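Please open the model in your viewer and keep the sequence panel beside it. The stops below are meant to be taken in order, with a selection to make at each one.

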Amino acid sequence: MKQLVIFDLDGTLLDTIADLGAATNYALREMGYPTHTATSYPMMVGNGVTRLIERALPEEARTPEIVEAVREKFKEYYDDHACDSTAPYPGITELLNNLQALGVRIAVASNKYQDAVERLVTHYFPAIEWQAVEGQKEGVPVKPDPSIVFEILSKSPARKSKVLYVGDSGVDIETARRACVDSCGVTWGFRPRRELVDAHADNIATTPEEILEIVKRPGLALDV
């Protein structure tokens with residue numbers, strides 16, 4: 001059985017897309033740039049807020065100075081409205097409770113900035129004893145760089161064969177591969193199943209209950 005499960009946040013534990021889109025559109029409007037429909041945002045997220053802003057801006061406006069100015073407007077709005085429409089996906093709270101009851105350790109690895117990650121996790125999952133809650137930090141590369149996984153392992157050591165990384169995108173699957181841990185892609189998030197297949201996810205779950213079964217069975221990663 002796995003000893004540690006590391007979860008992506010947006011699109012995996014929480015459906016945050018409406019609030020992310022609203023914050024981005026607010027920032028774009030404030031800076032005089034065109035906004036986007038809600039259906040456009042699932043393919044823009046996954047690599048952190050800076051990359052989201054870059055994708056949302058017109059190509060000619062993607063200078064470091066403009067991106068940073070729009071990012072500040074994004075944070076201005078998102079810090080006050082991150083919980084307007086966000087909610088855990090059905091079955092997620094039960095999954096986390098069941099994992100905790102089994103003695104499985106749980107952590108979060110997100111490309112969202114650290115303050116927002118901590119606020120969301122505390123707000124929506126107050127009963128969970130997290131081993132680590134890691135978001136984007138200054139000077140630390142974002143996923144798919146595996147540094148965030150290694151940081152979690154430094155706080156909650158486990159053999160890599162006993163670790164499962166769960167996420168909804170190819171970025172998450174690549175993060176797990178680079179960290180040499182088993183991956184599980186989830187189909188209820190922001191990206192299509194095909195992306196998870198093309199990224200060679202070790203497992204694909206269509207419901208949170210399936211993750212529990214994956215955790216209980218022997219892992220596929222090398223015992224290192």
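The tour goes from the whole chain to its sheet, then to its cores, and ends at a loop.

Begin with the entire chain, bearing in mind that this is a predicted model. Shown as a cartoon, the chain has nine helices and eight strands. If you display only the C-alpha trace, its span along the principal axes is about 55 × 30 × 30 Å. The radius of gyration is 17 Å, which agrees with the value near 17 Å that a compact globule of 224 residues would have. Colouring by burial will mark 50% of the 224 residues as buried, while a surface display shows the chain exposing about 10,000 Å², of which carbon and sulfur atoms supply 51%. Among the contacts with a separation of 6 or more, 67% are between residues 24 or more positions apart.

Next, select the open sheet of six strands, whose order is 5-4-1-6-7-8 and whose pairing is parallel. At its edges you will find strand 5 (132–136) and strand 8 (203–205), each of which pairs on one side only. Looking across the sheet, the twist from one strand to the next averages 20 degrees. For a closer view, select strand 7 (residues 182–186) together with strand 8; the two run parallel and are joined by three bridges. Within this pair, Val186 has Ala205 of strand 8 as its bridge partner.

Now turn to the side chains and select Phe7, Leu13, Phe74, Trp130 and Ile211, the members that touch the most others in the largest nonpolar core, a set of 53 residues. Which residues does Phe7 touch, leaving aside those up to four places away in sequence? Centre the view on Phe7 and you will find Thr12, Leu13, Leu95, Leu96, Leu99, Ile106, Ala107, Val108, Ala109, Val166 and Ile211. Apart from the largest core lies another, of 15 residues, including Ala132, Leu153, Tyr165 and Ala176. In soluble globular proteins, nonpolar side chains tend to be buried together.

For the last stop, select Gly103, which is in the loop between helix 4 (92–101) and strand 4 (105–113). Is Gly103 buried or exposed? Its relative accessible area is 57%, and since the cut-off for exposed is over 50%, Gly103 is therefore exposed. Finally, add Met43 to the selection and draw a C-alpha to C-alpha distance: Gly103 and Met43 are 35 Å apart in space and 60 residues apart in sequence.

How values were computed
Residues numbered from 1 in each chain as written. Predicted model: local features only at pLDDT ≥ 70, side-chain atom pairs only at ≥ 80, totals over all residues. Heavy atoms only, no water. Core = buried A, V, L, I, M, F, W, Y, C linked by side-chain atoms within 4.5 Å. Buried < 20%, exposed > 50% of the residue type's maximum accessible area, 1.4 Å probe, protein only. Contact = heavy atoms within 4.5 Å. Helix = DSSP H or I, 4+ residues; strand = E, 2+ residues; numbered from the N terminus. Pairing = 2+ DSSP bridges. Axes fitted to C-alpha atoms, helices over the stretch in contact; angles between N-to-C directions. Rg over C-alpha atoms; globule rule 2.2 N^0.38 Å. Areas by Shrake-Rupley, 256 points an atom, 1.4 Å probe, with all protein chains shown as cover.
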